[in-house]
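Visitor: I would like to learn how to read a ligand site and the cysteines in a model. Where do we begin?

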Amino acid sequence: MASETITLLSKREIDKMRQAGRLAAQLLDHLAPMVKPGVSTLEINDEAERWTQAKGAKSAPLGYHGFPKSICTSINEVVCHGIPNSNMILKDGDIINIDVTPILDGYHGDTSKTFFVGTPSPKAKKLVEITQECLMRGIAEVKPGARIGDIGAAIQACAEPEGFSVVRDFVGHGINRTFHTAPQVPHYGKRGKGKKLREGMVFTIEPMINEGTWEAIVLDDGWTAITKDRKLSAQFEHTIAVTADGVEILTLPE
Ligand code: MF3
Ligand code: CO
Ligand code: CO
């Protein structure tokens, strides 16, 4: 199947991905100060769209398989793909993942972070800190010759001893001029299993880590995924490239 072919990007193409990735990271930094009690997720969306256009870029999520907004905003028990809405107002103690994907000169930069609204509860703080650690442990596995399964195994080893669970239903993905392509990058797995990584592969790692069960359900809007037990879920995402001797994070602000 053609979709199983993993594209290897040239140095020039990776430079384009780096420019898109940098813009994505800068967009998250730009939105961060808006994350305060009383702000609606639509306000954050609208500022993201405005800023993206001002940079000469486009918002990949807008219209993607019918997604109605420019970014995803996922609060508390929302695992991913939360739709910005004027009725959804941030309140003290919430956690919110903001996931952005600008397209710059044809190339996608995909990154997300979970932010605290005001003061987090100790359990929310722990979940968010561990989730970020999971992303970095997954990234640390990446180098030519490593296997896709090494990434998920490292993430599970980071999350599960803390009593947290790893979401199964949503995975990282190859990304280039196409938003979602091969390979699939599960955030669970077995060391030594899965496809071998090669220089020039570019994909996301985006673990969603839950306080309770890993099971998710999708709401009637067709997008919003929430935890089955309504407990908290956090997520962090970077777009990365496999380099000759390891890994480069493409979604850093500079
Ligand atoms: N940015 C998300 C990801 O990490 C995808 C969002 S697709 C949308 O893959 F349609 F929900 F926006
Ligand atoms: Co994303
Ligand atoms: Co992604």
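Visitor: How many residues surround ligand 1, and which are the closest?

Guide: Keep in mind that this is a predicted model. Ligand 1 is surrounded by 14 residues, and D99, H173, H180, E206 and E237 are the closest.

Visitor: What is the make-up of the shell around ligand 1 by class?

Guide: Sort the residues by class and count them. The shell has 6 nonpolar, 4 polar and 4 charged residues.

Visitor: Which atom of ligand 1 is 3.1 Å from the side chain of D99?

Guide: A polar contact is a pair of N or O atoms within 3.5 Å. In the case of D99, a nitrogen atom of ligand 1 is 3.1 Å from an N or O atom of the side chain. Oxygen atoms of the ligand are involved with two glutamates: a polar side-chain atom of E206 lies 2.8 Å from one oxygen atom, and for E237 the distance to an oxygen atom is 2.9 Å. Ligand 1 taken alone exposes 330 Å², of which the protein buries 96%.

Visitor: Where does ligand 1 sit?

Guide: Ligand 1 occupies the largest pocket.

Visitor: Now the cysteines. How many disulfides does the structure hold?

Guide: The count is 0.

Visitor: Why is C72 without a bond to C80?

Guide: A disulfide needs two cysteine sulfur atoms within 2.5 Å. The closest cysteine sulfur to that of C72 is in C80, 7.5 Å away, so the two are too far apart for a bond.

Visitor: Is C72 buried or exposed, and what about C80?

Guide: Buried means under 20% relative accessible area. C72, at 10% relative accessibility, therefore counts as buried. C80 also counts as buried, because its relative accessibility is 5%.

Conventions: Residues are numbered from 1 along each chain as its sequence is written. Chains are lettered from A and ligands numbered from 1 in the order in which they are written. This is a predicted model: local features need pLDDT of at least 70, side-chain atom pairs count only at pLDDT 80 or more; totals for chains, interfaces and linings use all residues. Side-chain values use heavy atoms; hydrogens and water are left out. A residue is near a molecule or strand if one of its heavy atoms lies within 4 Å of it. A polar contact is a pair of N or O atoms within 3.5 Å; within protein, one must be able to donate a hydrogen and the other to accept it, and residues adjacent in sequence count only if both atoms are side-chain atoms. Accessible areas come from the Shrake-Rupley method with a 1.4 Å probe; for residues, only the protein chains shown count as cover. On a 1 Å grid over the protein atoms alone, a cavity is a set of points where a 1.4 Å probe fits but cannot get out, and a pocket is an open set with protein on both sides within 12 Å along at least five of seven lines; lining residues have an atom within 4 Å of a point. A molecule sits in a cavity or pocket if more than half of its atoms lie within 2 Å of its grid points. Ala, Val, Leu, Ile, Met, Phe, Trp, Tyr, Cys and Pro count as nonpolar, Asp, Glu, Lys and Arg as charged, and the others, Gly among them, as polar. Buried means under 20% relative accessible area, exposed over 50%, partly exposed in between (1.4 Å probe, protein chains only).
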